[in-house]
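Please work through the exercises below with the sequence and the model side by side, trying each task before reading its solution.

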Amino acid sequence: MFKSIFISNRGEIACRIIKSAKKLGIRTIAAYSNADRNALHVQMAEDAVYLGPSEAAQSYLDIAKVVQAARDSNADAVHPGYGFLAENAEFAMALDDAGIAFIGPRPHAIQVMGDKIESKKLAAEAGVSTVPGYMGEIASADEAVEIARGIGYPVMIKASAGGGGKGMRVAASDEETREGFRVSKSEAANAFGDDRIFIEKFVVRPRHIEIQVLGDSYGNIIYLNERECSIQRRNQKVVEEAPSPFLDAATRRAMGEQAVALAKAVNYQSAGTVEFIVDAERNFYFLEMNTRLQVEHPVTELTTGIDLVDQMIKIAAGERLEISQDDIGISGWAIESRIYAEDPYRDFLPSIGRLVRYAPPPESKSGERVVRNDTGVFEGGEISIHYDPMISKLCAWAPDRERAIEAMRQSLDEYEIEGIGHNIPFLSAVMDHSDYQCGTATTAFIDEAFPDGFSGADHPEQVVRDLAASAAAMHAIAESRRSRISGRISNSARLSPEKCVVSIKEKDFKLELAADGEGFAAGLNDGSALRVVGDWRPGRRRATFSVDGRQYHLHVRQMPLGFGIYYRGANMEFLVRTPRQAELGRHMAAKRRLDSSMSLRCPMPGLVTLIEVSEGDKVRKGQALCTIEAMKMENILRAEREAVVAKILVAPKQSLAVDQVIMEFE
């Protein structure tokens, strides 16, 4: 067994590898760039080696630097995690030449499977079902259009060396094919150093289901069932689960056997994943093979009891698999939600900054529920523009899917993040959506569930009424504190009934509160009565309220005239006023919104990679204006209406701040 392992990665996956290595008694060595000097993975490892500047190309992606760092630290082996150099055959060969073990498959398997064009050819030869498409290199946008027409729209434009949603676009017209070809080539070149593109048929409303495989150096290869990853935004997975609610036993077995056949065709050694798309009739088609550990591997670990990182290390050390196909079962149900630093209210644009507050739900393990949070950040740390915006991977396991969903819902309720934008409201909305709960969601879920973009969850009238009553109760508690009465209302304390109006948007709830030793009796103007009991105290960010026995875990923000309450995908602002204040408030003019239609502003920090128009150009609604790269993804900014470009204020390769003006219109 290895005595020391160098981890050529960062963030949560580096922390994850460190945990398994330490269980095996192996010394761990972290790698870090300028941006990661104080990162969590650096703190967790026994040793750490500096690689270079924050830009990945000059640190984590620099093969010579990484190999030299591993050599200097006297590492026996290198674990690449995922991303960066994890699927780089040149890196694996450089480690071989240096006499350092690579914890992953052999270079040949990486090379063949990493080339999406060649891998599809090999898959077809191995008897694996493949998607119709053009597997040759495509030289120009005109050729791409010709090929797309031949296949038939819609098509998927993909980078041959791609992964993680980068270098991937769906096109339904000639114009979209031209644009997608250009953007995919650019993203692929920046992310992978390889701009080759291929095109295949886009299967409408598919399920994205993948098979985990594990192979040793003695020819033993098994599959560890499937994961479903259909909830995606920008072709990037957001929610994953194991097993799939869609597969039956026969399809699972057929997919597993084909995945093993493909792995055997390249003498696969290590953990790997064979990805498929599955149509409504459970016909499945090979997409690609990822020759590395997947982001979503925890759900497989939770449902099989197998530590995949542990297995990868042992296989790389020359050990045989101690498990056979007959040993693999399915225990319960697991769901993973990827917590990202992004703004779901602004088309999931990346968000950066300091984690002013970071308090994930406590991890726990029992026979009825498991909560796991793989993370690489901490309170006070920075989310950098230079790397992937993932904050953590929140996982929940339970004996069945219904209880696993409920465990995830409660865990998301408990998650606290402040200082940056994050996608927890969206994830909560997914868990509450009927299509997800019924197991019918496809890769089209986000577009279909939120056709106009995500603007927050809509809760039933009863929930809004209960939260209004909770806001009134918090107001009463705060008033008692301001009146120098103890914030905790004792059994002997009795406050006189208080009338108030709780408003949210155009809706008013008129309540009369009467406090007692346990909570409040809330009478509404429609004659109904609610029993409100909660644990909130002034200054707290979290609160749990029971309203007539219905429990709510709330995130609370005090405002001058009320409370901002976040609950399961909805950010709501409740004004709590006296009847007279509410009456006067109706006469106040609404605040006018700033007209930003005469300029294009940068929606997130990023780098200008392309300006598509010139001063004096007349642009139409939806036309591409410029491309901004942020966190290794390219974002096309488009015109919101017809206009004439009056002035362009930025240039390619220029770094921009949030809301910086890019161009002005007339």
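The exercises that follow treat confidence, the sheet, the backbone, the nonpolar cores and the aromatic rings of this predicted model.

**Exercise 1. Confidence**

Establish what average pLDDT the protein has, and over which residues pLDDT stays under 50.

Solution. Begin with the whole protein, for which pLDDT averages 92, with 96% of the residues scoring at least 70. Then turn to the weak stretch, residues 487-495, where pLDDT stays under 50. For these residues the model has 20 contacts beyond four places in sequence, and a careful reader will keep the low score in mind when looking at them.

**Exercise 2. The sheet and its edges**

Trace the order of the strands in the open sheet of 9 strands, and explain why β14 and β20 each have one side without a neighbour.

Solution. First, write down the order, which is β14-β13-β10-β11-β12-β15-β23-β21-β20, with antiparallel pairing. Strands β14 (284-290) and β20 (364-365) stand at the edges, and because each has a single partner strand, one side of each is left without a neighbour in the sheet. Next, examine the β20 end, where β20 pairs with β21 (residues 370-375) in the antiparallel sense over 2 bridges, and where Ser364 stands opposite Val371 of β21. Finally, look for the helix that crosses the sheet: α9 (residues 249-265) lies across β10 (207-215), β11 (221-233), β13 (270-278) and β14, and runs at about 110 degrees to β11.

**Exercise 3. Backbone details**

Find the cis peptide bonds that lead into Pro154 and Pro243, then locate Asp347 and Lys505 and decide whether each is buried or exposed.

Solution. Start with Pro154, which is joined to Tyr153 by a cis peptide bond with omega near 0 degrees and lies in the loop between α7 (141-151) and β7 (155-163). The bond between Ala242 and Pro243 is also cis, with omega about -5 degrees, and Pro243 lies in the loop between β12 (236-242) and α9, the helix that lies across β11 in the preceding exercise.

Then consider phi. Asp347, in the loop between β16 (342-343) and β17 (349-350), has a positive phi near 60 degrees although it is not a glycine. Because its relative accessibility is 54%, and exposed means over 50%, Asp347 counts as exposed. Lys505, in the loop between β25 (498-504) and β26 (507-515), likewise has a positive phi, near 55 degrees, in a residue other than glycine; at 81% relative accessibility, Lys505 counts as exposed.

**Exercise 4. The nonpolar cores**

Determine how many residues the largest nonpolar core has, and which element gives the most to it.

Solution. The largest nonpolar core has 39 residues, and those with the most contacts inside it include Val239, Ile335, Ile391, Ile417 and Phe426. Two or more residues each come from β12, β15 (333-340), β23 (390-398), α12 (401-414), α13 (424-432) and α15 (445-449), and α13 gives the most, with 6 residues. Apart from this core lies another, of 38 residues, among them Leu513, Phe545, Tyr567 and Ala570. To see the surroundings of one core residue, select Ile417: leaving aside neighbours within four places in sequence, Ile417 is in contact with Ile339, Leu355, Arg357, Tyr358, Ile391, His422 and Ile424.

**Exercise 5. Aromatic rings**

Describe the geometry of the pairs Tyr32 with Tyr50 and Phe84 with Tyr387, and explain what parts each pair ties together.

Solution. A search of the whole structure finds 15 aromatic pairs. In one of them, Tyr32 and Tyr50 lie 5.6 Å apart, centre to centre, with 50 degrees between the planes, a tilted pair. Because Tyr32 is in β2 (residues 27-33) and Tyr50 in β3 (residues 47-52), the pair ties together parts that are 18 residues apart in sequence. Tyr32 is buried at 15% relative accessible area, whereas Tyr50, at 37%, counts as partly exposed.

Phe84 and Tyr387 form an edge-to-face pair, 6.3 Å centre to centre, with 90 degrees between the planes. Phe84 is in the loop between β4 (77-79) and α4 (89-97) and Tyr387 in the loop between β22 (382-383) and β23, so the pair ties together parts that are 303 residues apart in sequence. Phe84 counts as partly exposed at 28% relative accessibility, while Tyr387 is buried, at 3%.

As a last step, note that Tyr345, Phe348, Phe426, Phe445, Phe450 and Phe454 form one aromatic cluster.

How values were computed:
Residues numbered from 1 in each chain as written. Predicted model: local features only at pLDDT ≥ 70, side-chain atom pairs only at ≥ 80, totals over all residues. Heavy atoms only, no water. Pairing = 2+ DSSP bridges. Helix = DSSP H or I, 4+ residues; strand = E, 2+ residues; numbered from the N terminus. Contact = heavy atoms within 4.5 Å. Axes fitted to C-alpha atoms, helices over the stretch in contact; angles between N-to-C directions. pLDDT = per-residue confidence, 0-100. Buried < 20%, exposed > 50% of the residue type's maximum accessible area, 1.4 Å probe, protein only. Core = buried A, V, L, I, M, F, W, Y, C linked by side-chain atoms within 4.5 Å. Phe/Tyr/Trp six-rings, centres within 6.5 Å; stacked < 30°, edge-to-face > 60°.
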